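Got your viewer open? Load the model, switch to cartoon view, and follow along one selection at a time.

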Amino acid sequence: MTKVDGTTGDLVFAHSKGIVDWLIRAAEWVRFRKGSQWNHVAMLSHELANGDWTIISAESNGVIVSLLSELTARGPIVIVPNPSDRPMMSFIFMTTQTGQRYGFVSIVSLAVSLILPGALSLYKPGTWICSAVVAEALRFGGWYHQWPNVYQVVPSELYTAVTGKKP
């Protein structure tokens with residue numbers, strides 16, 4: 001594991017190489033034409049003795065704690081400092097969401113919305129997609145961005161909002 005320059009609560013944006021990852025980026029491209037580099041976002045949790053980190057993110061099996069090395073094995077990442085006023089509050093929010101289910105309904109709704117903006121906005125309470133749970137965690141920490149719908153934020157949109165740069 002390569003040494004990561006980050007701290008608990010920082011954001012991890014990933015460009016993974018799987019078919020679902022490619023589909024996410026393709027859908028972002030259809031909607032935004034640019035900014036489709038990132039298909040996943042997680043939050044740094046704790047650095048381990050071996051230099052690896054635990055991360056918290058929403059995956060298909062729910063909001064889970066996993067290893068950063070598992071994410072980096074899937075493709076390149078970038079660490080972005082947490083922009084909130086209270087980054088530890090963002091981290092605490094993420095830890096409280098561990099165990100929540102993945103938002104498959106949100107993904108279907110988001111897929112339609114990326115192609116036809118505003119056409120469909122559905123989600124099932126108690127579920128999250130990766131970028132929505134991180135966006136909500138940032139809001140819990142005091143960083144506010146006026147999203148049209150926080151449950152339909154995609155990773156590249158979050159990256160642009162947090163950094164001010166297009167991916």
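One term before the first click: "buried" stands for under 20% relative accessible area, "exposed" for over 50%, and "partly exposed" for whatever lies in between, with a 1.4 Å probe and protein chains only as cover. You'll also need the element names: helices (H or I, at least four residues) and strands (E, at least two) are DSSP runs, numbered from the N terminus.

A word on the source. This is a predicted model, where local features need pLDDT of at least 70 and side-chain atom pairs count only at pLDDT 80 or more, while totals for chains, interfaces and linings use all residues. Residues are numbered from 1 along each chain as its sequence is written, and side-chain values use heavy atoms, with hydrogens and water left out.

**Stop 1: the whole chain**

Keep everything selected for now. The protein chain has six helices and seven strands, and from the N terminus on they run β-α-β-β-β-α-β-α-β-α-β-α-α. Of the 167 residues, 46% are buried. The chain exposes about 8,200 Å², and carbon and sulfur atoms supply 59% of that area (areas come from the Shrake-Rupley method with a 1.4 Å probe; for residues, only the protein chains shown count as cover).

**Stop 2: the sheet**

Select residues 11-14, which are strand E1, and 40-47, which are strand E2. Add strand E3 (53-59), then E4 (62-67) and E5 (77-80). Together you have an open sheet of five strands in the order E4-E3-E2-E1-E5, with antiparallel pairing (two strands pair if DSSP finds at least two bridges between them). E4 and E5 stand at the edges with a single partner strand each, so one side of each has no neighbour in the sheet. Look along the sheet for its twist, which averages 30° from one strand to the next.

Now color helix H3 (residues 87-97). H3 packs on the sheet and touches E2, E3 and E4 (contact means heavy atoms within 4.5 Å). The direction of H3 makes about 100° with that of E2; the axes are lines fitted to C-alpha atoms, for helices over the stretch in contact, and angles run from 0 to 180 degrees between N-to-C directions.

**Stop 3: strand E1**

Zoom in on E1. Are its faces covered or open? Both are covered: Leu11 and Phe13 on one side, and Val12 and Ala14 on the other, are all buried. E1 pairs with E2 over four bridges, and four bridges also join E1 to E5, again antiparallel. Click on alanine 14 to see both: histidine 40 stands opposite in E2, and isoleucine 77 is the bridge partner in E5. For valine 12, the bridge partner in E2 is alanine 42.

**Stop 4: serine 45**

Stay in strand E2 and pick serine 45. At 5% relative accessibility, serine 45 counts as buried. What is serine 45 in contact with, leaving aside its neighbours within four places in sequence? Show Thr8, Trp53, Thr54, Ile55, Ile56 and Phe91.

**Stop 5: a salt bridge from strand to loop**

The structure holds two salt bridges (a side-chain nitrogen of Lys or Arg within 4 Å of a carboxyl oxygen of Asp or Glu). For one of them, show arginine 74 and glutamate 59 as sticks: their closest N and O atoms are 3.7 Å apart. Arginine 74 sits in the loop between helix H2 (68-72) and E5, and glutamate 59 in strand E3, 15 residues apart. Arginine 74 is partly exposed at 33% relative accessibility, whereas glutamate 59 is buried at 17%.

**Stop 6: helix H5**

Move to H5, residues 130-140. Nine of its 11 residues are buried, so H5 is largely enclosed by the rest of the structure. Among the buried ones are Val133, Val134 and Leu138.

The other salt bridge is here, between glutamate 136 and arginine 139, with the closest N and O atoms 2.5 Å apart. The two residues are three apart in H5, about one helical turn. Glutamate 136 is buried at 19%, and arginine 139 is partly exposed at 34%.

Next comes phenylalanine 140, partly exposed with a relative accessible area of 39%. Show it with Met89 and Ile92: the three make a nonpolar surface patch of about 240 Å². Patches are made of residues with over 30% relative accessible area and no salt bridge, with like charges joined within 9 Å and nonpolar side chains (Val, Leu, Ile, Met, Phe, Trp, Tyr) within 5 Å.

Last click: glycine 142, which follows H5 and has a positive phi, near 105°.
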